Amino acid sequence: MGLFNKKKKEAAARQTETGRAKTEQNGADQGAFSQTKTHQSGTKQKEIKQYIKETSGTIVSKSILEGTSKLKWLFRQESGEGWIAFGDCDTQEYVDNPENMAVVDFNVLANIEPAAANVFYLPPGADLEFCSDETGKYFIDTRTGEEFREKVENPLQIAFERNMKFLNKESYPEEFFQELFGEKENQELFVLGEADFPTGEIVLADPLAYLGTKYMITLEKQIPPGSYPVELAICRSEIAGLRIAAARLKISGQRAVRHEIAMPKGNNVEDLGKSGVWGFFGVDTGMACFTDLKTAGAYHGFIQDWQKKHPGKNRYVDYFAAFFQESYQKYPDVQREGGDFLLWQVPGASDRLAMFASGMGDGIYSGYWGMDAEGNPVELVIPFINPLYI
């Protein structure tokens with residue numbers, strides 16, 4: 001642990017509870033550190049460089065912020081994402097006083113010592129000593145002795161890129177689809193409810209960006225008109241957190257023995273790879289849906305009318321967000337705060353459509369028909385995440 005041994009964590013716990021409240025109270029003063037630094041004359045220096053796009057609050061000793069000490073100890077709390085930084089002149093007595101600590105954006109610390117940005121993505125529990133010698137600037141893990149001289153890549157970004165390369169293949173081993181909806185320690189099945197398909201023509205789309213437009217995908221294969229349950233595979237990942245790994249439309253109670261990629265209307269699997277033919281749909285708002293072609297038209301009409309009545313408003317922020325929040329309040333254990341899924345009925349119509357978060361966000365995704373032994377469709381699956389990658 002270095003200078004403060006285990007007491008460093010004890011001090012951190014106190015700063016998290018007490019210091020944060022103190023710094024929020026004088027947030028206007030600390031704002032000078034978090035956004036710009038100001039000379040005594042009142043003139044502003046340049047905006048701080050954004051080394052990390054999305055950061056969490058970082059507890060930093062004021063001796064570092066004021067330049068009376070240099071960064072020496074940096075560790076990340078076991079419970080939570082926040083980093084804590086102490087200077088080379090800090091004493092135990094000094095850090096025990098909440099008045100000597102401030103909560104700032106991590107980029108503030110990185111602007112003081114850019115090498116700090118290299119270790120931002122280390123996991124909770126990281127315990128580091130900062131070193132600077134003739135070989136350069138680097139961090140040492142005080143528990144293992146491992147040196148960090150290069151930038152530690154964002155594990156979530158690595159998982160996202162790896163996952164996207166895995167998706168949208170023409171076929172997968174049957175075990176992949178079975179395991180997507182299996183009950184495991186970090187995975188569970190959630191039944192969202194029944195969506196309505198008055199014509200049996202299924203549409204896959206980003207509901208907030210493309211539903212009702214030429215960019216949605218209507219599938220070639222149809223199902224009998226009716227209402228069908230929608231199931232979500234909920235995955236709990238150490239890297240990505242709570243995510244929807246896949247969505248499934250259950251068409252019958254029969255077991256699927258094979259899966260094939262779902263092709264757009266007018267095409268079959270043999271057309272895959274031909275010019276202008278693809279087996280996927282695009283997501284640009286982090287949302288996907290199962291719905292019927294008729295329902296998609298009713299949805300588009302409603303949205304057009306709503307936007308005419310609410311010019312300049314955002315359909316998610318100013319309308320759907322409240323419904324997703326209600327969904328979260330009803331099922332807080334299987335979705336992220338703010339809501340990840342919604343069974344929504346088009347106002348003025350009787351049909352319901354299912355909306356759900358698309359795994360780790362925007363991209364292109366494919367649907368896959370699950371077929372029984374007689375070749376009949378018994379389910380439609382959209383994989384978003386290979387749980388092995390996160």
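A residue is called buried when its relative accessible area is under 20%, exposed when over 50%, and partly exposed in between (1.4 Å probe, protein chains only). The model is predicted, so local features need pLDDT (the predictor's confidence in each residue, from 0 to 100) of at least 70, and side-chain atom pairs count only at pLDDT 80 or more, whereas totals for chains, interfaces and linings use all residues. Residues are numbered from 1 along each chain as its sequence is written, and side-chain values use heavy atoms, with hydrogens and water left out.

**Exercise 1.** Determine which parts of the chain the salt bridge of Arg 248 and Glu 379 ties together, and whether the two residues are buried or exposed.

*Solution.* First, the pair meets the rule (a side-chain nitrogen of Lys or Arg within 4 Å of a carboxyl oxygen of Asp or Glu) at 3.4 Å, N to O. Next, Arg 248 lies in strand β12 (residues 241–250) and Glu 379 in strand β20 (residues 377–383), so the pair ties together parts that are 131 residues apart in sequence. Finally, both Arg 248 and Glu 379 are buried, and they belong to a network of salt bridges that also links Glu 231 and Lys 250.

**Exercise 2.** Describe the salt bridges of Glu 260 and the residue opposite it in β19.

*Solution.* Glu 260 meets Lys 221 at 3.7 Å, N to O; Lys 221 lies in the loop between β10 (217–218) and β11 (226–237) and Glu 260 in strand β13, so this pair ties together parts 39 residues apart in sequence. Glu 260 also meets Arg 258 at 2.9 Å, N to O, and Arg 258 is partly exposed, with a relative accessible area of 37%. Across the sheet, Glu 260 stands opposite Trp 369 in β19.

Terms used
Two strands pair if DSSP finds at least two bridges between them. Helices (H or I, at least four residues) and strands (E, at least two) are DSSP runs, numbered from the N terminus.
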